[in-house]
Amino acid sequence: EYHGGKKDDAPVALVGKGLTFDSGGISLKPAKGMDEMKYDMCGAAAMIASIATAAAMKLPVNIVAAVGFTENMPGSSATKPGDILKSYAGKTVEVLNTDAEGRLVLCDVLAYTIDKFKPKCVVDAATLTGACVVALGNDIAGLFSNDVELALSLMMATLLWIRSGECLWIFPLPRL
């Protein structure tokens with residue numbers, strides 16, 4: 001937690017997925033590119049770096065960074081297809097493919113952060129990139145948001161992407 005704002009101001013929550021290695025579990029990923037699954041922790045690393053940078057810059061805002069670290073490997077105690085898990089939010093999930101581990105971890109970290117810290121907004125970084133890479137390539141990140149003002153602020157910040165090295169593209173997020 002970083003407390004740079006007023007004492008009673010709700011924090012900005014930074015949430016990151018941190019799978020230190022994601023083999024896909026029992027639903028094993030293909031061997032090609034498996035060595036790159038160590039990068040499935042980049043969302044968490046980005047959020048840790050972001051809160052550290054905010055603190056170093058003494059930004060006038062309260063921030064909390066919450067990250068979920070684990071690994072997804074086959075083994076005798078691994079999640080199996082057909083297992084029923086109960087999330088932090090109380091919802092049950094039937095695992096049909098064990099390569100969903102990262103999404104399940106992220107779901108719990110998001111629910112925990114919202115429950116415990118009551119943030120004014122949540123920025124979530126995760127390497128749920130397969131579909132985004134197909135749509136946008138390797139150099140543009142997908143942005144999903146139910147907060148138009150926040151999404152536009154993030155897009156405006158990335159107009160300087162030539163300097164920052166970051167570029168975002170907003171995807172539609174239908175109301176469910």
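How many salt bridges does the structure hold? There are five in this predicted model, and the close-ups below visit some of them, plus a helix and a surface patch.

**View 1. Lys 17 and Asp 40 pair up in a salt bridge.** Here the two side chains meet at 3.0 Å, N to O. Lys 17 belongs to strand S2, while Asp 40 sits in the loop between S2 and helix H1 (42-56), so the pair ties together parts that are 23 residues apart in sequence. Both partners are tucked away: Lys 17 is buried at 3% relative accessible area, and Asp 40 is buried at 7%.

**View 2. Helix H2 and what covers it.** H2 runs over residues 101-117, and its end C-alpha atoms are 24 Å apart, in agreement with the span expected for 17 residues. Its buried residues include Val 105, Leu 106, Val 109 and Phe 117. Among the elements covering the buried residues are strands S2 (12-22), S3 (62-72) and S6 (121-125).

**View 3. Lys 118, just after H2.** This residue takes a positive phi of about 45 degrees. Lys 118 also forms a salt bridge with Asp 115, with the closest N and O atoms 3.8 Å apart. Lys 118 counts as exposed because its relative accessibility is 54%, whereas Asp 115 is partly exposed at 41%. Elsewhere, salt bridges with shared partners link Asp 22, Lys 29 and Asp 99 into one network.

**View 4. A nonpolar patch on the surface.** Val 148, Leu 152 and Ile 170 make up this patch of about 270 Å². Ile 170 comes from strand S8 (residues 168-170) and is partly exposed, at 35% relative accessibility.

Conventions. Residues are numbered from 1 along each chain as its sequence is written. This is a predicted model: local features need pLDDT of at least 70, side-chain atom pairs count only at pLDDT 80 or more; totals for chains, interfaces and linings use all residues. Side-chain values use heavy atoms; hydrogens and water are left out. Patches are made of residues with over 30% relative accessible area and no salt bridge: like charges are joined within 9 Å, nonpolar side chains (Val, Leu, Ile, Met, Phe, Trp, Tyr) within 5 Å. Accessible areas come from the Shrake-Rupley method with a 1.4 Å probe; for residues, only the protein chains shown count as cover. A salt bridge is a side-chain nitrogen of Lys or Arg within 4 Å of a carboxyl oxygen of Asp or Glu. Helices (H or I, at least four residues) and strands (E, at least two) are DSSP runs, numbered from the N terminus. Buried means under 20% relative accessible area, exposed over 50%, partly exposed in between (1.4 Å probe, protein chains only). The expected span of a helix is 1.5 Å times one less than its number of residues. Contact means heavy atoms within 4.5 Å.
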